[in-house]
Amino acid sequence: MTEREKTLAQRMIGQRVTHVSLGAGVVSACTNIAMKVKLDETGEECAFAFPYSFKQFFTAEDPALQQEILNFYNSGAWVTPIHDHHDC
């Protein structure tokens, strides 16, 4: 499977992201509703709503990926989270 054939969620795995208060980390798992991020500072792995959390809390290191995530968010082709907080 080429990178182009992978879904956005599949391509998120291994990407560097930064949370506004928790700092930088790497996406360790992702689906169209949730992602797990291993935080650099603590080594803790935390779950967040995806792509919802990118609207206010996360930024992808790759600007093109960030725009793709926001486009996905704006498309409405994802499941609205029951709550908008994380598990850390």
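Student: Which residue meets the side chain of R16 in a salt bridge at 2.4 Å, N to O?

Tutor: This is a predicted model, in which local features need pLDDT of at least 70 and side-chain atom pairs count only at pLDDT 80 or more, while totals for chains, interfaces and linings use all residues. Residues are numbered from 1 along each chain as its sequence is written, and side-chain values use heavy atoms, with hydrogens and water left out. For a salt bridge (a side-chain nitrogen of Lys or Arg within 4 Å of a carboxyl oxygen of Asp or Glu), the partner of R16 at 2.4 Å is D40.

Student: How many residues apart in sequence are the parts that R16 and D40 tie together?

Tutor: R16 lies in strand β1, a strand being a DSSP run of E of at least two residues, numbered from the N terminus. Because D40 lies in the loop between β3 (34-39) and β4 (45-49), the pair ties together parts whose separation in sequence is 24 residues.

Student: Which residue is linked with R16 and D40 in a network of salt bridges?

Tutor: R16 also forms a salt bridge in which the closest N and O atoms are 3.6 Å apart. The partner lies in the loop between β5 and α2, so this pair ties together parts 45 residues apart in sequence. The residue that joins R16 and D40 in the network is E61.

Student: Is R16 buried or partly exposed, and at what relative accessibility?

Tutor: Along β1 (residues 16-19), V17 and H19 point to one face and are buried (under 20% relative accessible area, 1.4 Å probe, protein chains only), whereas R16 and T18 point to the other face and are not buried. R16 counts as partly exposed, at a relative accessibility of 29%.

Terms used
Buried means under 20% relative accessible area, exposed over 50%, partly exposed in between (1.4 Å probe, protein chains only). Helices (H or I, at least four residues) and strands (E, at least two) are DSSP runs, numbered from the N terminus.
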